[in-house]
Number of protein chains: 2
Amino acid sequence: MSIEFIESHRCFSGALHFCRHQSEATGTPMRFSAYVPDGEGPFPVVTFLSGLTCTEENFTVKAGAYRRASALNLVVIAPDTSPRGEGVANDPAYDLGQGAGFYVDATEAPWAPHFRMESYIAKDLQQVVAENFPVDMKRQGITGHSMGGHGALTLALKYPDLFRSVSAFAPIVSPTRCPWGEKAFNAYLGADRETWKAHDATLLIEAGAAKGHYETILVDQGGADNFLEAQLKPELLEEACAKVGQKLVLRMHPGHDHSYYFIQTFIDDHLAFHAATLLAA
Amino acid sequence: MSIEFIESHRCFSGALHFCRHQSEATGTPMRFSAYVPDGEGPFPVVTFLSGLTCTEENFTVKAGAYRRASALNLVVIAPDTSPRGEGVANDPAYDLGQGAGFYVDATEAPWAPHFRMESYIAKDLQQVVAENFPVDMKRQGITGHSMGGHGALTLALKYPDLFRSVSAFAPIVSPTRCPWGEKAFNAYLGADRETWKAHDATLLIEAGAAKGHYETILVDQGGADNFLEAQLKPELLEEACAKVGQKLVLRMHPGHDHSYYFIQTFIDDHLAFHAATLLAA
């Protein structure tokens, strides 16, 4: 899979690349950033899925992740949140269409042709990363923020063969039970709520998905997050994990909001959490 | 001096505020960001002056400075780079007018009424920070990037009563001898090059400004910086410091460019450098 390096910057003891490649899944060019430590590797990979309105740039610029990634010798991948471009369907709302792919494969018009972010992350991005960077694809972790926290949790649960560790920042834990998720799933997956269940982290856990595969799930949540009660609902994840005996470390942080100032405060902990699993034999 | 808090975010063990206040010097509202650790203080203050095209946001969002600022109990202030607004003169070029104040008080039309960034940083910003945050204004350091590195060095040399420590990232060390500086000084200060000398860090050092006041000046410079040879010329600073016996630690970093990926790599070192001086008796 050919890749174009748009720009590269030396950063700590490594390099940060912005890349573009043609995705078979979305039928569009897709962008992602890749932080790659110096050395021959192969390095473990942590993928960060971003939230609503984000591109591959937000995390890359704002999270302050690369100091620790460099120290831990982790490759960090941050993909865009949706297909984009003139031929791609869109919606004027910030929470639907371009910038709001929700990490599912859409089945409904007008989204179905390009909005295939689940396949993009689980297949095409896997391939382009494996082919172009010094990575050990057997040692992968996934994390994300808000909509991207939902993406990280659901893809980890659906693809345990790809990932060994999972964490999230202020994730949408049950999109079938919050306005953001209901709106997006109705548009992308249609009105039949049965089809939604395969993309709801809390329901997946209750149904036994990836049972026993992840020793611990780490979730950080700001206590002053404007979206906490109506959209994020971490208590639903807590209840689901308790039901099936999944260990969850849910840390509530008073005063922290939904911004990247929250993410940068705890990103080091998440990278260390992933490294502890990924670097173990 | 009244201040408006536009937004605040919890970040590490402290808070990041975006603020606005009316400046007497510029005759306009001015914005800055302030990172303030938890606790009663009074805390030392490090001010970061940004480069061309920047607002108060660039450093705040991209530099990854607050982890270390929090750990060291430093207040970090990042002001905008010029006055702005409809009644304020501007130029279509990126290196003149709004976003390019060059930290001088303009004497020429159409800039003179508002472009008074030297007085803004040395007077108004001092006052508003002193009045609104738990700071020890006797313990201040100053740093900056590119045009802001020029600002940090010249203001440190001109106002040794305000500052105890100074450092810079990829600074314009001699604006009288580079295209960016010549263009800006010609516009803001007029054609008489004699008046420019008071705003050239290298010439100030050679003239003995603040002699003996700063034990060491710390400068980091990327070796792959596109502006290194034509605009930045750190060798001129090196020669000037050698002439007068000013200790300079000039670190050249192969592969690093002019971006915030370079700044974030070394910001921890700069904060530690300032703290070592500011926290000493």
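In this predicted model, strand S4 (residues 43–49) of chain B is largely enclosed by the rest of the structure, because 7 of its 7 residues are buried, that is, each has under 20% relative accessible area. The points below start from S4(B) and its partner strands, move on to the sheet and the helix that lies across part of it, and end with the interface between chain B and chain A.

**Strand S4 of chain B and its partners**

- S4(B) runs parallel to strand S6 (residues 135–144) of chain B, and 6 bridges join the two strands; within this pairing, B:Val45 has B:Gln140 in S6(B) as its bridge partner.
- S4(B) also pairs with strand S5 (residues 75–79) of chain B, again in the parallel sense and over 3 bridges, and here B:Thr47 stands opposite B:Ile77 in S5(B).
- As general background for reading these pairings, the side chains of a regular strand alternate between the two faces of the sheet.

**The sheet as a whole**

- The open sheet of chain B is formed by 9 strands in the order S1-S2-S3-S5-S4-S6-S7-S8-S9, and its pairing is mixed.
- At the edges stand strand S1 (4–10) and strand S9 (247–253) of chain B, each with a single partner strand, so one side of each is left without a neighbour in the sheet.
- On average, and with direction ignored, neighbouring strands of this sheet are turned by 20 degrees against each other.
- Elsewhere in chain B, strand S7 (residues 165–169) and strand S8 (residues 216–222) run parallel and are joined by 4 bridges, with B:Ser167 standing opposite B:Leu218 in S8(B).

**A helix across the strands**

- Helix H3 (residues 117–132) of chain B lies across strand S2 (14–22), strand S3 (29–37), S4, S5 and S6 of chain B, and runs at about 50 degrees to S3(B).

**The interface between chain B and chain A**

- In the predicted assembly, 22 residues of chain B are in contact with 22 residues of chain A, and the two chains bury about 1,800 Å² between them, 56% of it on carbon and sulfur atoms.
- The rule finds 0 salt bridges across the interface of chain B and chain A, whereas the count of residue pairs in polar contact between these chains, both residues being at pLDDT 80 or more, is 6.
- On the side of chain B that touches chain A, the elements that give two or more residues are S1, S2, helix H1 (56–62), helix H2 (66–72) and helix H9 (260–278) of chain B; H9(B) gives the most to this side, with 5 residues.

Note on methods: Residues are numbered from 1 along each chain as its sequence is written. Chains are lettered from A and ligands numbered from 1 in the order in which they are written. This is a predicted model: local features need pLDDT of at least 70, side-chain atom pairs count only at pLDDT 80 or more; totals for chains, interfaces and linings use all residues. Side-chain values use heavy atoms; hydrogens and water are left out. Buried means under 20% relative accessible area, exposed over 50%, partly exposed in between (1.4 Å probe, protein chains only). Two strands pair if DSSP finds at least two bridges between them. Axes are lines fitted to C-alpha atoms, for helices over the stretch in contact, and angles run from 0 to 180 degrees between N-to-C directions. Contact means heavy atoms within 4.5 Å. Buried area is the accessible area (1.4 Å probe) that two parts lose on being put together, summed over both. A salt bridge is a side-chain nitrogen of Lys or Arg within 4 Å of a carboxyl oxygen of Asp or Glu. A polar contact is a pair of N or O atoms within 3.5 Å; within protein, one must be able to donate a hydrogen and the other to accept it, and residues adjacent in sequence count only if both atoms are side-chain atoms.
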